[in-house]
Amino acid sequence: MRKLLHALKIQGKKFFTYREEPYFLKKIFKQLENKKCVFITSAGTPLISDPGFGLVDEAFKRKIKVTPIPGVSALTTILSACPLKMKEFAFLGFLPRSEGKIKKTISKFLDLKIPVVVFLSKRQIKKLGKVLVNFYKEAKIFVAREMTKAYEEFLLFKNPIAFEKWSEGEILGEITMVILPK
């Protein structure tokens, strides 16, 4: 990260935790006066299911130039490795916590035969498996775990039952998933 900051001629060592709360915006923009700032996430891409909207919105309101530096995005990475044919898809980010809300969220698209891309936490995997087994028995599922990292893994499941069996094991790391309805 220091090489990137040096190349951008950004001096100093002030790092702030950012959350989508007014306090953090005030703190950051107070420090920003006539200086450059870098917004970095520890994983993923800012604003793609990660915080940052408030920061970018406020920068535009203040007529501060925002320059994205393309990097790894779990969304585009999984799509470029996915063996399931798609012309369109719906990106839902992280799913809700309860099975009922998960079903309600994904059914909007799966019922229309639109593939869905989601991010999952460990706690959501088993709940999603149950929803798919109960309501989308013929869906195909493509899972990417720890993309661009040492333990990267891509798995294709021909049906939700196979996915549910896999989800019973010890699953570590970040999960991104494509669900292709029948």
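Helices (H or I, at least four residues) and strands (E, at least two) are taken here as DSSP runs, numbered from the N terminus. The exercises below concern a predicted model.

**Exercise 1. Overall architecture**

Determine how many helices and strands the protein has, and state the pattern they follow along the sequence.

*Solution.* Begin with the count: the protein has 7 helices and 5 strands. Next, place these elements in sequence order, which gives the pattern α-α-α-α-β-α-β-α-β-β-α-β. The C-alpha atoms fill a box of roughly 55 × 35 × 30 Å along the principal axes. Of the 182 residues, 34% count as buried. Finally, consider the contacts with a separation of 6 or more: residues 24 or more positions apart account for 69% of these.

**Exercise 2. Helix 5 against helix 6**

Classify the packing of helix 5 and helix 6 from the angle between them, and describe the residues that make the contact.

*Solution.* Helix 5 covers residues 99-110 and helix 6 covers residues 122-135; the two pack at an angle of about 55 degrees, with their axes 10 Å apart. Angles of 65 to 115 degrees would be roughly perpendicular and those under 35 roughly parallel. The angle found here belongs to neither class, so helix 5 is oblique to helix 6. The crossing of these two helices is right-handed.

Turn now to the side of each helix that takes part. Helix 5 contributes Glu99, Ile102, Lys103, Ile106 and Leu110. Helix 6 contributes Lys127, Leu128, Lys130, Val131, Leu132 and Phe135. Sorted by character, the residues of this contact comprise 7 nonpolar, no polar and 4 charged.

**Exercise 3. Helix 6 against helix 7**

Carry out the analysis for helix 6 and helix 7, giving the angle, the handedness and the composition of the contact.

*Solution.* Helix 7 spans residues 160-167, and helix 6 packs with helix 7 at an angle of about 160 degrees, the axes being 9 Å apart. Angles over 145 degrees count as roughly antiparallel, and helix 6 and helix 7 therefore run roughly antiparallel to each other. Their crossing is left-handed.

On the helix 6 side the contact consists of Ile125, Lys126, Gly129, Lys130, Leu132 and Val133. On the helix 7 side the partners are Pro160, Ile161, Phe163, Glu164, Trp166 and Ser167. Together these residues divide into 7 nonpolar, 2 polar and 3 charged.

**Exercise 4. Aromatic pairs**

Describe the geometry of the pair Phe94 and Phe119 and of the pair Phe163 and Trp166, and state how buried the residues Phe94, Phe119 and Phe163 are.

*Solution.* A pair of aromatic rings is described by the distance of the centres and the angle of the planes. The count of aromatic pairs comes to 7. In one of them, Phe94 and Phe119 lie 5.4 Å centre to centre with 65 degrees between the planes. Planes over 60 degrees apart count as edge-to-face, so this pair is edge-to-face.

The pair links distant parts of the chain, Phe94 in strand 1 (residues 90-94) and Phe119 in strand 2 (residues 116-120), 25 residues apart. Phe94 is partly exposed at 46% relative accessible area, whereas Phe119 is buried at 7%.

For Phe163 and Trp166, the ring centres are 5.8 Å apart and the planes stand at 40 degrees, so the pair is tilted. Both residues lie in helix 7, 3 residues apart, about one turn of the helix. Phe163 is buried, with a relative accessible area of 0%.

As a last step, note that Phe91, Phe94 and Phe119 form one aromatic cluster.

Key: Residues are numbered from 1 along each chain as its sequence is written. This is a predicted model: local features need pLDDT of at least 70, side-chain atom pairs count only at pLDDT 80 or more; totals for chains, interfaces and linings use all residues. Side-chain values use heavy atoms; hydrogens and water are left out. Axes are lines fitted to C-alpha atoms, for helices over the stretch in contact, and angles run from 0 to 180 degrees between N-to-C directions. A crossing is left-handed if the near helix is turned anticlockwise from the far one by less than a right angle, and right-handed if clockwise. Contact means heavy atoms within 4.5 Å. Ala, Val, Leu, Ile, Met, Phe, Trp, Tyr, Cys and Pro count as nonpolar, Asp, Glu, Lys and Arg as charged, and the others, Gly among them, as polar. Rings of Phe, Tyr and Trp (its six-membered ring) pair if their centres lie within 6.5 Å; planes under 30 degrees apart count as stacked, over 60 as edge-to-face and the rest as tilted. Buried means under 20% relative accessible area, exposed over 50%, partly exposed in between (1.4 Å probe, protein chains only).
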